[in-house]
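Here is a walk through one protein chain, going from the overall picture down to a few individual residues. Have the structure open alongside as you read.

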Amino acid sequence: MIRVRFAPSPTGYLHVGGARTALFNWLYARRHGGVFVLRIEDTDLERSSDEMVEGILDGMRWLGLDWDEGPKVGGPHEPYFQSGRLDRYRAMAAALVASGHAYHCYCTPDDLKAKREAAEAAGGAFRYDRACLALTQDEIAARERDGRPRAVRVRVPEGSVDFEDLVHGPIVFDGAHIEDFVILRSDGQPTYHLSVVSD
């Protein structure tokens with residue numbers, strides 16, 4: 001069965017680009033007898049609000065776009081708010097660390113700011129230097145004993161990553177140009193990169 005979703009972030013009201021995406025997904029689901037899912041990506045706690053959620057839902061209703069699963073409708077894959085799925089995201093981050101595909105990063109915001117400023121002063125762009133990937137087990141254990149906050153970063157593999165895109169054909173990315181990005185912040189909140197892929 002066809003399942004499509006629209007996943008707006010409640011950091012603002014429904015905008016034209018979001019409405020366009022929702023419309024195309026809704027039309028595709030309706031044309032093929034599928035399911036149109038509305039999921040709210042509310043992991044940006046500082047900028048998300050209940051008022052924006054209601055604004056998005058009102059905008060969808062005004063456009064005549066009903067959803068088969070989602071807020072105020074329910075469905076078999078609840079919850080439809082990412083903030084209600086935090087345990088799932090944290091477990092996935094832990095599994096990636098355990099498998100060696102991610103690692104804990106103990107760098108503080110001040111550490112990263114100093115590195116960013118140094119890179120800019122040298123005329124270059126900042127890219128995380130994998131400092132925490134090089135930590136020894138003893139150094140990691142000491143940071144854990146001290147209770148230092150830690151984020152989780154993906155360990156971008158060496159070499160190229162390639163895949164076949166249904167629209168654009170073969171796509172190749174050189175891992176040397178991709179930073180080890182954060183998927184779980186030090187406060188335990190997932191980033192978009194983890195939550196959207198997990199869902």
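Start with the contacts: counting pairs in the protein chain that sit at least 6 apart in sequence, 69% of them link residues at least 24 apart. Keep in mind that this is a predicted model.

**The overall picture**

The protein chain carries six helices and seven strands. Going along the sequence, the order is β-α-β-α-α-β-α-α-β-β-β-β-α. Taken along the principal axes, the C-alpha atoms of the protein chain fill a box of roughly 55 × 40 × 35 Å. Of the 199 residues in the protein chain, 35% are buried. The exposed surface of the protein chain comes to about 12200 Å², with 55% of it supplied by carbon and sulfur atoms. As for charge, there are 24 positive and 31 negative side chains in the protein chain, and 2 Å separates the centres of the two sets.

**Helix H2 and its surroundings**

Helix H2 covers residues 50-63, which makes 14 residues. From first C-alpha to last, H2 reaches 20 Å, close to the 20 Å expected at 1.5 Å a residue. Which residues of H2 are buried? They are Met52, Val53, Gly55, Ile56, Leu57, Gly59 and Met60. The cover over these buried residues of H2 includes strand E1 (3-6), helix H1 (16-31) and strand E2 (35-38). Just past the end of H2, glycine 64 has a positive phi of about 80 degrees.

Leucine 57 is worth a look by itself. This residue lies in helix H2, and its relative accessible area is 1%, so leucine 57 counts as buried. Leaving aside residues up to four places away in sequence, leucine 57 touches Leu38, Trp67, Pro71 and Lys72. Tyrosine 89 is another matter: 32 residues separate leucine 57 from tyrosine 89 in sequence, and their C-alpha atoms are 25 Å apart in space.

One of those contacts of leucine 57, Lys72, has its own story. Lysine 72 is found in the loop between H2 and H3. Its phi is near 65 degrees, a positive value in a residue other than glycine. Is lysine 72 buried or exposed? Lysine 72 has a relative accessible area of 61%, which means that it is exposed.

The loop between H2 and helix H3 (86-98) also holds proline 79. The peptide bond leading into proline 79 from glutamate 78 is cis, with omega near 0 degrees.

**Helix H4 and the loop after it**

Helix H4 spans residues 109-121, and lysine 113 lies in it. H4 has 13 residues and runs 18 Å from its first C-alpha to its last, close to the 18 Å expected at 1.5 Å a residue. Lysine 113 has 46% relative accessibility, so it counts as partly exposed. How far apart in space are lysine 113 and arginine 3? The answer is 42 Å, C-alpha to C-alpha, with their positions 110 residues apart in sequence.

H4 is followed by glycine 123, which has a positive phi near 85 degrees. In the loop between H4 and helix H5 (137-145) you will find arginine 130. The phi of arginine 130 is near 60 degrees, again positive in a residue other than glycine. Arginine 130 is partly exposed, with a relative accessible area of 22%.

Here are the positive phi values from this report together:

| Residue | Phi |
|---|---|
| Glycine 64 | about 80 degrees |
| Lysine 72 | near 65 degrees |
| Glycine 123 | near 85 degrees |
| Arginine 130 | near 60 degrees |

**The cysteines**

How many disulfides does the count give? The count is zero, with a disulfide taken as a pair of cysteine sulfur atoms within 2.5 Å. For cysteine 105, the closest cysteine sulfur belongs to cysteine 107 at 3.8 Å, which is too far for a bond. The sulfur of cysteine 132 also has cysteine 107 as its closest cysteine partner, at 3.7 Å, so that pair is too far for a bond. Cysteine 105 counts as buried because its relative accessibility is 3%, and cysteine 132 counts as buried at 8% relative accessibility.

Key:
Residues numbered from 1 in each chain as written. Predicted model: local features only at pLDDT ≥ 70, side-chain atom pairs only at ≥ 80, totals over all residues. Heavy atoms only, no water. Helix = DSSP H or I, 4+ residues; strand = E, 2+ residues; numbered from the N terminus. Expected span 1.5 Å × (residues − 1). Buried < 20%, exposed > 50% of the residue type's maximum accessible area, 1.4 Å probe, protein only. Contact = heavy atoms within 4.5 Å. Areas by Shrake-Rupley, 256 points an atom, 1.4 Å probe, with all protein chains shown as cover. Lys, Arg positive; Asp, Glu negative; His and termini not counted. Charge placed at Lys NZ, Arg CZ, Asp CG, Glu CD.
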